[in-house]
Amino acid sequence: MSEQMNYGEDYKYIPMTSLMSGIGIEVTPDIYAYTIQVVNLCMVGEKGKATGWTLIDAGMPKSAEAIIKEAENRFGENARPNAIVLTHGHFDHVGAIVELIEHWDVPVYAHEAEIPYLTGKKSYPEPDSTVEGGLVAKISPYFPNDPINLGTHVKPLPVDGTIPPLKDWVWIHTPGHSPGHVSFFRESDRSLIVGDAFVTVKQESLFKVLVQDKEISGPPRYLTTDWQQAWDSVKKLESLKPAVAITGHGAPMEGDDLKLQLQCLAIDFDTVAIPTHGRYVNGN
């Protein structure tokens, strides 16, 4: 590994998984959601075509081999994406990215505000274990928050909202969970790839994470640092009236379930998503 692209320290491995781990779902003919332990990534592109597809997010640490194998199962031998596009840089969304870049030698795109966390310049705020919600929140201090260093491999997304490797898609700034968090939307079929702006499992609860009990919830509480921005982001995404949503945690959701639950979250975010106390509540 080059000096310009490294983790700096040995990255921690989180020994936690769900019933969906290792399972892929074809959400639309060209959107494939794949679960690594407790987090989802997406492969967007024509099935069986080894090039011209895009990887969105990069899973948990030590998952590169599984991601490469799944890509080859989906797109064919020697499958290689045109780029990796990130919703944000938290450890469970970039865990395998260094190994994937070394294997594929492709560019990475992220929001400009996320670049410092991806080039070794800045660490994320520490997870907040004091928020209520369940055991995952309590063990969150063990989750790594240190930056990775992708060097010149990472590039900022264009300011005009386009995504160079993804035609017909736009990126939408949805901060709150992280400063440069983005979601991706395709108007033609109203497909939405959300990252952690909202999720479809109560991520703080270990039981619900393990069994993947499906319900729309706010962003993971223990890593969300600006709750007003997070609420504004949910309102922005709800206004798009998505037909299907693939989130960073939990199963894809579509139709009336998505519509009604996302409406409720946008309206009642302050009572159902924002914790009653915590390090980052009320600007603390």
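Select F184 in strand β10 and I193 in β11, and you will find these two residues standing opposite each other in this predicted model. Widening the selection to the whole of both strands shows β10 joined to β11 (residues 191-195) by three bridges, with the two strands running antiparallel. Between them lie the four residues that complete a hairpin, and in this turn R190 is worth picking out, since its phi is positive, at about 60 degrees.

Now turn to the other partner of β10 by selecting strand β9 (residues 166-173), which pairs with β10 in the antiparallel sense over four bridges. Here V170 is the residue that stands opposite F185 in β10.

With β10 (residues 182-186) still selected, colour by accessibility: five of its five residues are buried, so the strand is largely enclosed by the rest of the structure. In a regular strand the side chains alternate between the two faces of the sheet. On one side of β10 you will see V182, F184 and R186, on the other S183 and F185, and the burial of all of these leaves both faces of the strand covered.

Stay with R186 and add D189 to the selection, where a salt bridge brings the closest N and O atoms to 2.8 Å from each other. R186 is buried, at a relative accessible area of 9%, whereas D189 counts as partly exposed at 28%. Adding D30 completes the view, for D30, R186 and D189 are linked in a network of salt bridges.

The next stop is the open sheet, in which seven strands follow the order β1-β2-β3-β4-β5-β6-β7 with mixed pairing. Select β1 (24-28) and β7 (154-156) to see its edges: each has a single partner strand, so one side of each is left without a neighbour in the sheet. On average, neighbouring strands here are turned by 25 degrees against each other, with direction ignored. At the β7 end, display β6 (residues 108-110), which runs parallel to β7 and is joined to it by three bridges; there A110 has P156 of β7 as its bridge partner.

Two helices can then be shown against this sheet. Helix α1 (residues 64-75) packs on it, touching β1, β2 (31-36), β3 (39-44) and β4 (54-56), and the direction of the helix makes about 155 degrees with that of β2. Helix α3 (residues 97-104) lies across β4, β5 (83-85) and β6, and runs at about 160 degrees to β5.

To see a side-chain link between α1 and the sheet, select E26 and R74, whose side chains meet in a salt bridge with an N to O distance of 2.8 Å. The pair joins distant parts of the chain, with E26 in strand β1 and R74 in helix α1, 48 residues apart. E26 is partly exposed at 44% relative accessible area, while R74 is buried at 5%.

One more salt bridge to select is that of K241 and E238, where the N to O distance is 2.5 Å. K241 is partly exposed, with a relative accessible area of 42%, and E238 is buried, at 14%. The count for the model comes to five salt bridges.

Finally, colour the whole chain by confidence: the average pLDDT is 88, and 84% of the residues score at least 70. Over residues 203-212 the pLDDT is below 50, although this stretch has 40 contacts in the model beyond near neighbours in sequence. Residues 1-13 likewise stay under 50, with 35 contacts beyond four places in sequence.

How values were computed
Residues are numbered from 1 along each chain as its sequence is written. This is a predicted model: local features need pLDDT of at least 70, side-chain atom pairs count only at pLDDT 80 or more; totals for chains, interfaces and linings use all residues. Side-chain values use heavy atoms; hydrogens and water are left out. pLDDT is the predictor's confidence in each residue, from 0 to 100. Contact means heavy atoms within 4.5 Å. Two strands pair if DSSP finds at least two bridges between them. Axes are lines fitted to C-alpha atoms, for helices over the stretch in contact, and angles run from 0 to 180 degrees between N-to-C directions. A salt bridge is a side-chain nitrogen of Lys or Arg within 4 Å of a carboxyl oxygen of Asp or Glu. Buried means under 20% relative accessible area, exposed over 50%, partly exposed in between (1.4 Å probe, protein chains only).
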